[in-house]
Amino acid sequence: MNDTRNSPEAYRTLQLMNELEQDDSLSQRELAGRLGVAVGLVNSYLKNLVAKGFLRVKNYPRNRYAYLLTPKGIAEKSRLAYQHLHYFNNLYTVVRQDYLSLFRQLQRDGHDSVIFCGVDEVAEIASLSLQETGMVLSVVVDSRGYKSDFLGRNVQPIESWQMIGDLPIVITSLKRSELLRQLLLRKGIPEEQLFAPDGSE
């Protein structure tokens, strides 16, 4: 397991340790469901954490196990939490500035409203940058979770959403940016109508 700074493995390790701290009797299947990963991957993480002395295993009847954080494991969880918080603060600053620059460029190009595509923590940061420019958020679309709302607007599913006009569509998810871009292109949205804060349009 790679615990290098900001790696997905480090974040997943932190998630796993948080889950076990709240309920040490969770099965590997339950942990996999909560983390959204395969059971085999959870098993690998647990073995690694035990080998490093961060967890100890307690046997229960009927082949059940409890995974208990050791003092060394509690210290490691704190370190990972601090590392993740530091990373998120840096990410917030960079993402907020990148979206602000993008929206200001769109304003200079004559746009006063945009469409967001993708709802996650990045979209929330992008919305703060958008407010700073005075531009209007017209529509929010996503490939999933469209039954929820975002900033008081219903999130519309890309699959059934009907594009009207030529408003700029801003990709507001870093994790799923390429997936969302491909879904929009397959829907027939022109490439020049798609924008992302890294400058790739």
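**Surface patch, salt bridges and strand pairing in a predicted model**

V50, V57 and Y65 make up a nonpolar patch on the surface, and their accessible area together is about 220 Å². The model in which this patch appears is a predicted one. Of the residues in the patch, V57 belongs to strand β1, which spans residues 55-60. With a relative accessibility of 39%, V57 counts as partly exposed, since that class lies between the limits of 20% and 50%.

The protein chain contains six helices and eight strands. Read from the N terminus, the order of its elements is α-α-α-β-β-α-β-α-β-β-β-β-α-β. The radius of gyration of the protein chain is 21 Å, whereas a compact globule of 201 residues would have a value near 17 Å. Along the principal axes, the C-alpha atoms occupy a box of roughly 65 × 35 × 25 Å. Of the 201 residues in the protein chain, 41% are buried. The chain exposes about 11200 Å², and carbon and sulfur atoms account for 50% of this area. When contacts between residues at least 6 apart in sequence are considered, 56% of them join residues at least 24 apart.

Helix α4 covers residues 71-108 and includes K72. The relative accessible area of K72 is 48%, so this residue is partly exposed. Apart from neighbours within four places in sequence, K72 is in contact with K52, G53 and F54. K52 is separated from K72 by 20 residues in sequence, and the C-alpha atoms of the two lie 9.0 Å apart in space.

Eight salt bridges are present in the structure. In one of these, the side chains of R104 and E132 meet with an N to O distance of 3.7 Å. Because R104 is part of helix α4 and E132 is part of helix α5 (residues 121-133), this pair ties together parts that are 28 residues apart in sequence. Both participants are partly exposed: R104 has a relative accessibility of 37%, and E132 has a relative accessible area of 44%. The pair also belongs to a network of salt bridges in which R96, R104 and E132 are linked.

A salt bridge is also formed by the side chains of E121 and K175, at 3.1 Å from N to O. E121 is located in helix α5 and K175 in the loop between β7 and α6, so the pair ties together parts that are 54 residues apart in sequence. The relative accessible area of E121 is 31%, which makes this residue partly exposed, whereas K175, at 69% relative accessibility, counts as exposed.

The side chains of D142 and R176 form a further salt bridge, with an N to O distance of 2.9 Å. Here the parts tied together are 34 residues apart in sequence, because D142 lies in strand β4 (residues 136-142) and R176 in the loop between β7 and α6. D142 counts as buried, at 1% relative accessibility, and R176 likewise counts as buried, at 10%; both assignments follow because the limit for a buried residue is under 20% relative accessible area.

The loop between β7 (169-171) and α6 (177-186) also holds T172. T172 is buried, with a relative accessible area of 0%. Residues up to four places away in sequence being left out, T172 touches Y99, F116, C117, G118, D120, V122, A123 and A126.

Strand β4, which contains D142, pairs with strand β6 (residues 153-157) in the parallel sense over three bridges. Within this pairing, V140 has V155 in β6 as its bridge partner. Strand β6 is also joined by two bridges to strand β5 (residues 149-150), and these two strands run antiparallel. D149 stands opposite N154 in β6. The hairpin of β5 and β6 has two residues between the strands, and L151 in this hairpin adopts a positive phi near 55°.

Note on methods:
Residues are numbered from 1 along each chain as its sequence is written. This is a predicted model: local features need pLDDT of at least 70, side-chain atom pairs count only at pLDDT 80 or more; totals for chains, interfaces and linings use all residues. Side-chain values use heavy atoms; hydrogens and water are left out. Patches are made of residues with over 30% relative accessible area and no salt bridge: like charges are joined within 9 Å, nonpolar side chains (Val, Leu, Ile, Met, Phe, Trp, Tyr) within 5 Å. Accessible areas come from the Shrake-Rupley method with a 1.4 Å probe; for residues, only the protein chains shown count as cover. A salt bridge is a side-chain nitrogen of Lys or Arg within 4 Å of a carboxyl oxygen of Asp or Glu. Helices (H or I, at least four residues) and strands (E, at least two) are DSSP runs, numbered from the N terminus. Buried means under 20% relative accessible area, exposed over 50%, partly exposed in between (1.4 Å probe, protein chains only). Contact means heavy atoms within 4.5 Å. The radius of gyration is taken over C-alpha atoms; the globule rule is 2.2 Å times the number of residues to the power 0.38. Two strands pair if DSSP finds at least two bridges between them.
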